[in-house]
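Please consult this briefing alongside the sequence and the three-dimensional view. It is concerned with how strands and helices are arranged.

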Amino acid sequence: MLDIINFSKHFQNEDGSIVNVLQNVNCHISKGEVVSIIGPSGTGKSTLLRCINSLEKPSSGQIMFQGEDILSPKTDINKVRRKMGMVFQNFNLFEHMTILENVCFGPVRLLKMPKEEAETLAMDLLTKVGLSDKASVYPKSLSGGQKQRAAIARCLSMNPDCILFDEPTSALDPTMVGEVLSVMRQLASQGMTMLIVTHEMKFARDMSSRILFMYAGGILEDGTPEQIFDHPVHPETQAFIKRLRSLHYEFNDEFADIYSINSDIDAFCLKYGVEHKRMGMQLFLEELLFNVLKGRRPVSVDITYSELNYSLVFKALVKGAREKVLENADPISVSIIRGMSQSVTETVTPEGLLIEIQ
């Protein structure tokens, strides 16, 4: 369906120096594939998508879509875009139109569909993305997640053969990410061809048929999710996959804004797809700080999530402590902590007592 051949893109700075954003990219996307593009920031992921949709002009190379060279001057790029939809980071909805009008715009203006037929189609699509009750409102009335679902419905109204997603959840509050990914999972299950630039590693691993890891303007690794996440070949891929996400807190007295911290944990767990750990981590923190370690300060707390194996580790360091505490702590609190974890360990280190919960 889509072939990217010897593709390069560079920009020229004001001082005349050249910045190579993409270098000799080659890739084939088959019909029905869900291909996620991952990699560090600044490696050309979004630029590649914008070039595929001709929003950026390449420096060299070819892009073949359904056998047609879309970079050829003879190609009607607007006709190509009708079959190659794109969903942007920032929604790009028309603010002066209702959600129904936004979804109808393409079919009426570009496909010359009768208005009544377009409205019927739009309502079907809004129902599909869970927004049928928002048809008559304007974008300013919607949450970020609702705006992105409306943008997906608008894209689907053109009946595309392929959809490009440019970090569709990056502009969303963590609590809204799940609703957008759910719509994308539905599209994947229906066989839609999708090319997705994403930082959602769990989604990429669970839903993709292939992963492209981009580094320094090129595709460094191309393989199945199992190959990329479990057996990465290049050191750069290994380092990226093994990166850790973490929260860190310092407690110097008995008082702590536990409600604010619990909100942080809520957002953290939602963002990285480990909602099932949320209540456990919050309970661990409260029991540990206010019962097991009551009166013992300062305490530093780290909550770390590994994107490689989806594991969460909770560490608390009681600075300067020289003895273990769990054996003599409140038995109910200790029982709660042990009952909701795989393992609990105490280690006296040169810095103090380290309690680790997994």
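The points below treat two sheets and the helices that pack on them or on each other.

The model described here is predicted. One open sheet has 6 strands with mixed pairing, and another open sheet is formed by 5 strands with antiparallel pairing. In general, the strands of a sheet pair through backbone hydrogen bonds, in either a parallel or an antiparallel manner.

**The mixed sheet**

- The strand order across this open sheet is β6-β7-β8-β3-β9-β10.
- Strands β6 (84-87) and β10 (218-223) occupy the edges and have a single partner strand each, so one side of each lacks a neighbour in the sheet.
- On average, and with direction ignored, neighbouring strands of this sheet are turned by 20 degrees against each other.
- Strands β7 (residues 162-166) and β8 (residues 193-197) run parallel and are joined by 5 bridges.
- Within this pair of strands, Met194 in β8 is the residue that stands opposite Ile163.
- Helix α5 (residues 144-156) packs on the sheet, where it touches β6 and β7.
- The direction of α5 makes about 170 degrees with that of β6.

**The contact between α3 and α5**

- Helix α3 (residues 99-109) has an axis that comes within 7 Å of that of α5, and the two axes cross at roughly 30 degrees.
- Because angles under 35 degrees count as roughly parallel, α3 is described as roughly parallel to α5.
- The crossing of these two helices, α3 and α5, is right-handed.
- On the α3 side, the contact involves Ile99, Asn102 and Val103; on the α5 side, Ala150, Ala153 and Arg154 meet them.
- By class, the residues of this contact comprise 4 nonpolar, 1 polar and 1 charged.

**The antiparallel sheet**

- The order of the strands in this open sheet is β11-β12-β13-β15-β14.
- Its edge strands are β11 (244-251) and β14 (344-349), and each of them pairs on one side only.
- Neighbouring strands here are turned against each other by 15 degrees on average, direction ignored.
- Strands β12 (residues 299-306) and β13 (residues 312-319) run antiparallel, with 7 bridges joining them.
- Val299 has Val318 in β13 as its bridge partner.
- Helix α11 (residues 278-292) lies across four named strands, namely β11, β12, β13 and β15 (352-357).
- Relative to β13, helix α11 runs at about 15 degrees.

Definitions and conventions: Residues numbered from 1 in each chain as written. Predicted model: local features only at pLDDT ≥ 70, side-chain atom pairs only at ≥ 80, totals over all residues. Heavy atoms only, no water. Pairing = 2+ DSSP bridges. Axes fitted to C-alpha atoms, helices over the stretch in contact; angles between N-to-C directions. Contact = heavy atoms within 4.5 Å. Parallel < 35°, antiparallel > 145°, perpendicular 65-115°, else oblique. Left-handed = near helix turned anticlockwise from the far one by under 90°. Nonpolar A, V, L, I, M, F, W, Y, C, P; charged D, E, K, R; others polar.
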